[in-house]
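Student: I should like to learn how the terms used for a protein model are justified. May we go through them one by one?

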Amino acid sequence: MSRRVKEFVDIADQVSIDELIGRLAEIRDSLPEDAEAELRLRGDEIFGHRITITYLRPLTDEEAECERRYELAQKEAKARELEKLQQELGVVCYAAPGKRGKLRIVA
């Protein structure tokens with residue numbers, strides 16, 4: 001599947017510099033090739049700061065299967081909604097004249 005998900009890795013702000021460098025190197029080595037990783041400092045003085053690393057990764061097999069089930073259900077729901085709206089409005093999809101091909105109503 002071509003879709004990828006954004007993964008988050010949080011590192012607390014109360015770590016030694018050596019531990020932080022080691023953790024960052026470990027994370028960098030474990031990232032996929034085209035991860036497009038970003039590092040950001042998040043939080044505030046009240047709730048604390050966190051170093052957040054975000055990167056894109058492919059879906060796991062379990063996530064892809066779940067995604068397929070929801071995708072099918074969503075397509076069916078959209079088709080039912082389109083049919084309902086077409087019946088309420090009396091609109092029917094038809095072939096447009098000329099070279100433009102078919103006119104489609106996309107919900």
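The dialogue below sets values against definitions.

Tutor: Please note that this is a predicted model, in which local features need pLDDT of at least 70 and side-chain atom pairs count only at pLDDT 80 or more, while totals for chains, interfaces and linings use all residues. Residues are numbered from 1 along each chain as its sequence is written, and side-chain values use heavy atoms, with hydrogens and water left out.

Student: What elements does the chain have, and in which order do they run?

Tutor: The chain has 2 helices and 3 strands, arranged β-α-β-β-α from the N terminus. Helices are DSSP runs of H or I with at least four residues, strands are runs of E with at least two, and both are numbered from the N terminus.

Student: What makes Glu63 and Arg57 a salt bridge?

Tutor: A salt bridge requires a side-chain nitrogen of Lys or Arg within 4 Å of a carboxyl oxygen of Asp or Glu. The closest N and O atoms of Glu63 and Arg57 are 2.9 Å apart, so the pair satisfies the definition. By this rule there are 6 salt bridges. In general, side chains of opposite charge can pair when their charged atoms come close.

Student: Is Arg57 called buried or exposed, and why?

Tutor: Buried means under 20% relative accessible area, exposed means over 50%, and partly exposed lies in between, with a 1.4 Å probe and protein chains only. Arg57 has 16%, and is therefore buried. Its partner Glu63 has 28%, and so counts as partly exposed. Buried residues make up 15% of the 107 residues in the chain.

Student: How do you know that Glu65 and Arg68 form a salt bridge, and where do they lie?

Tutor: Their closest N and O atoms are 3.4 Å apart, so the 4 Å limit is met. Both residues lie in helix α2 (residues 61-89), 3 residues apart, or about one turn of the helix. In general, an α-helix has 3.6 residues a turn, so residues three or four places apart point the same way. Glu65, at 37% relative accessibility, is partly exposed, as is Arg68 at 42%.

Student: How do you know that the span of α2 agrees with its number of residues?

Tutor: The expected span is 1.5 Å times one less than the number of residues. For the 29 residues of α2 this should give 42 Å, and the end C-alpha atoms are 42 Å apart, so the values agree. Just after α2, Gly90 takes a positive phi of about 75°.

Student: Why is a set of residues called a nonpolar core, and which residues make up the largest?

Tutor: The name applies because the set consists of buried Ala, Val, Leu, Ile, Met, Phe, Trp, Tyr and Cys residues joined through side-chain atoms within 4.5 Å. The largest has 8 residues: Val9, Ile11, Leu20, Ile27, Ala35, Ile51, Ile53 and Tyr55. At least two residues come from each of β1 (4-12), α1 and β3 (48-58), and β3 gives the most, with 3 residues.

Student: What makes β2 and β3 a pair of strands?

Tutor: Two strands pair if DSSP finds at least two bridges between them. Strand β2 (residues 38-44) and β3 run antiparallel and are joined by 7 bridges, so they pair. One of the bridge partners in β3 is His49, which is matched with Gly43. A hairpin of 3 residues joins β2 to β3.
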